[in-house]
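Got a minute to look over a model before you head back to the bench? Here is a quick briefing to read alongside the structure.

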Amino acid sequence: MRKKVIAGNWKMNKDIHETAGLINELKERIKDFQNEVDVVLCPPFTSLVVAKSLVQGTPMKLGAQNMSQHDDGAYTGEVSARMLTTIGCEYVILGHSERRQYFKETDDLVNAKVKKALKVMLTPIICVGETLEERESGVTDRIIAAQIKGVLHELSSEEIQKCIIAYEPVWAIGTGKNATPDQANQVHKLIRKLVSQLFSWSLAEKLVIQYGGSMNAQNAADLLSQSDIDGGLIGGASLKSDTFMAIVQAGVEARIP
Ligand code: PEP
């Protein structure tokens, strides 16, 4: 059975003091959980070192929200994959729709970043998803297929096993309007089928595919109990300990057959 992965994408929120406050609250509550799900926190770069010292000895792991496709050099403002691993990051979100929309990231660029992340054993959480216009014009499947092919281009079977895909319909991110459990599960099944065609069914059935887009304490149980939804990438609801832990709890309960 695939283990669920619940990841909080804090986006550009929480300075180091607020980071410490939220993680200390989460630490109190996470004591009740016994590694039934993987819990990943993705604060801004500036909070990662503080966050690392605070999650030490807890089941919570650390992820970044982005990284460079380059190893090092004259790339002002960028952070490399190795810089992330040296401070204890184990995950990195790549190709988030906000990076695609505001910073013009393409599937090719995301693919280059995925390869760099894998080289240093960072687990990439690779985001794909259609816009509202694309969904309404009936091209969701085509868009998702193109994105999956693009971001996984020339990965080996060993590499794909270390990846997580996050299906995040752009129209659901930060809007309070989540995909219905059935709508999301359909796309997750499509992604699994695409991966089985590119690699093999045995790899596809082990692949963790998270849902992201207005997941909250109320809708998490329904979404996470779908056959092909293996966790959540959570924005707004990850900024408060009670809502985030309610989603973690929903993940724990959803894994019980
Ligand atoms: C996200 O940013 O990845 C996300 C899913 O945001 P929200 O949960 O706020 O929709």
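What follows is a short tour of the ligand site, the parallel strands and a few single residues.

Keep in mind that this is a predicted model. The ligand sits in a shell of 14 residues, and the protein buries 95% of the 290 Å² that the ligand exposes when taken alone. Beyond the ligand, there is a run of parallel strand pairings to follow, starting with β2 and β3 and going on to β6 and β7.

**Around the ligand**

- Which residues come nearest to the ligand? Out of the 14 around it, they are Lys 11, Glu 168, Gly 174, Ser 214 and Gly 235.
- Lys 11 puts a polar side-chain atom 2.6 Å from an oxygen atom of the ligand.
- Glu 168 does likewise, with a polar side-chain atom 2.7 Å from a ligand oxygen atom.
- Gly 236 uses its backbone instead: an N or O atom there lies 2.8 Å from an oxygen atom of the ligand.
- As for cover, the ligand on its own would expose 290 Å², and 95% of that is buried by the protein.
- Sorted by class, the shell holds eight polar, four nonpolar and two charged residues.

**Strands β2 and β3**

- β2 (residues 38–42) and β3 (residues 60–64) run parallel and are joined by three bridges.
- If you want a spot to find that pairing on screen, look at Val 39, whose bridge partner in β3 is Met 60.
- Between these two strands the chain passes through helix α2 (residues 48–55), and the β-α-β crossover is right-handed.
- Why is β3 described as largely enclosed by the rest of the structure? Four of its five residues are buried, so the surrounding structure covers most of the strand.

**Strand β4 and its neighbours**

- On the β3 side, β4 (residues 91–94) pairs in the parallel sense over two bridges.
- Gly 63 has Tyr 91 as its bridge partner in β4.
- Another right-handed β-α-β unit turns up here, made of β3, helix α3 (residues 81–86) and β4.
- β4 also pairs with β5 (residues 123–128), again in the parallel sense, over four bridges.
- Tyr 91 takes part in this pairing too, with Thr 123 as its bridge partner in β5.
- In a regular strand, side chains alternate between the two faces of the sheet.
- In β4, Tyr 91 and Ile 93 are on one side and Val 92 and Leu 94 on the other. All four are buried, and both faces of the strand are covered.

**Strands β5 to β7**

- β5 and β6 (residues 164–167) run parallel, with four bridges joining them.
- Ile 126 is one place to see this, with Ile 165 as its bridge partner in β6.
- β6 shows a two-way split: Ile 164 and Ala 166 point one way, Ile 165 and Tyr 167 the other. Are these residues buried or exposed? All are buried.
- From β6, four bridges lead on to β7 (residues 208–212), and these two strands run parallel.
- Ile 164 finds its bridge partner in β7 at Val 208.

**A residue to spot in β1**

- Asn 9 belongs to β1 (residues 5–9).
- Its relative accessibility is 5%, which is why Asn 9 counts as buried: the cut-off is under 20%.
- How far apart in space are Asn 9 and Ala 237? They are 9.2 Å apart, C-alpha to C-alpha, with their positions 228 residues apart in sequence.

**Two residues with positive phi**

- Most residues other than glycine have a negative phi. Here are two that go the other way.
- Lys 14 has a phi near 80 degrees, a positive value. You'll find Lys 14 in the loop between β1 and α1 (16–30).
- Lys 14 has a relative accessible area of 23%, so it is partly exposed.
- Glu 154 also has a positive phi, near 60 degrees. The loop in question here is the one between α7 (140–151) and α8 (157–160).
- Glu 154 counts as exposed because its relative accessibility is 62%, and the cut-off for exposed is over 50%.

Technical notes
Residues numbered from 1 in each chain as written. Predicted model: local features only at pLDDT ≥ 70, side-chain atom pairs only at ≥ 80, totals over all residues. Heavy atoms only, no water. Near = heavy atom within 4 Å. Polar contact = N/O pair within 3.5 Å; in protein donor to acceptor, adjacent residues only side chain to side chain. Areas by Shrake-Rupley, 256 points an atom, 1.4 Å probe, with all protein chains shown as cover. Nonpolar A, V, L, I, M, F, W, Y, C, P; charged D, E, K, R; others polar. Buried < 20%, exposed > 50% of the residue type's maximum accessible area, 1.4 Å probe, protein only. Pairing = 2+ DSSP bridges. Right-handed = clockwise from strand over helix to strand, strands pointing away.
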